[in-house]
Amino acid sequence: MAKDLNEIVKSVAKNDLIIGITLLLILVLLRQYNIGIILLVGLIVSMINFIVSAIITNKFMSEPKKNKAFLFPLSYLIRIVSVVAIAVVFSNKISNLLAFLIGFFIHYIILVITTIKVQKGSE
């Protein structure tokens, strides 16, 4: 993986885990065990999706393949279906689904903040 991409992936993963565990502990202190765990699951699923996306994108950009036009979109479809399938597990209660989605979106907030910090550090 490219050095910059690898640095961002590692930094985002570290920040995701720190924020996720912190939020879990706060929610456990508030006696919201299930919501905390589901939020952490959403964050981890989003983080794994990001890491897989980075690996696949790097692989397709660095290795010439004849069937890129088919495999690249297929990898996106598989990841989207996987995330939706996991979200369906939590759709029995709206609060569970919301916790999963909030955890999922927290990753993107962390991604934006981390990317900005990494880019400012390279100036």
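**Exercise 1. Place F70 in the chain and decide whether the residue is buried or exposed.**

Solution. Step 1: F70 belongs to helix 3, which covers residues 68-89. The model used here is a predicted one. Step 2: the relative accessibility of F70 is 56%. Step 3: exposed means over 50% relative accessible area. F70 therefore counts as exposed, at 56%.

**Exercise 2. Name the residues that form a nonpolar surface patch with F70, and give the accessible area of the patch.**

Solution. Step 1: the partners of F70 in the patch are L74, L77, I78 and V81. Step 2: together, the five residues F70, L74, L77, I78 and V81 have about 480 Å² of accessible area.

**Exercise 3. Describe the fold by its elements and its extent.**

Solution. Step 1: count the elements; there are four helices and zero strands. Step 2: read them from the N terminus, which gives the order α-α-α-α. Step 3: take the principal axes; the C-alpha atoms fill a box of roughly 50 × 35 × 15 Å. Step 4: turn to contacts with a separation of 6 or more; 70% of these join residues 24 or more positions apart.

**Exercise 4. Characterise the burial, surface and charges of the whole protein.**

Solution. Step 1: the protein has 123 residues, and 32% of them count as buried. Step 2: the exposed area is about 8100 Å², with 72% of it supplied by carbon and sulfur atoms. Step 3: the protein carries 12 positive and 5 negative charges, and the mean positions of the two groups lie 9 Å apart.

Methods:
Residues numbered from 1 in each chain as written. Predicted model: local features only at pLDDT ≥ 70, side-chain atom pairs only at ≥ 80, totals over all residues. Heavy atoms only, no water. Helix = DSSP H or I, 4+ residues; strand = E, 2+ residues; numbered from the N terminus. Buried < 20%, exposed > 50% of the residue type's maximum accessible area, 1.4 Å probe, protein only. Contact = heavy atoms within 4.5 Å. Areas by Shrake-Rupley, 256 points an atom, 1.4 Å probe, with all protein chains shown as cover. Lys, Arg positive; Asp, Glu negative; His and termini not counted. Charge placed at Lys NZ, Arg CZ, Asp CG, Glu CD. Patch = residues over 30% accessible without salt bridge, like charges linked within 9 Å, V, L, I, M, F, W, Y side chains within 5 Å. Salt bridge = Lys/Arg side-chain N within 4 Å of Asp/Glu carboxyl O.
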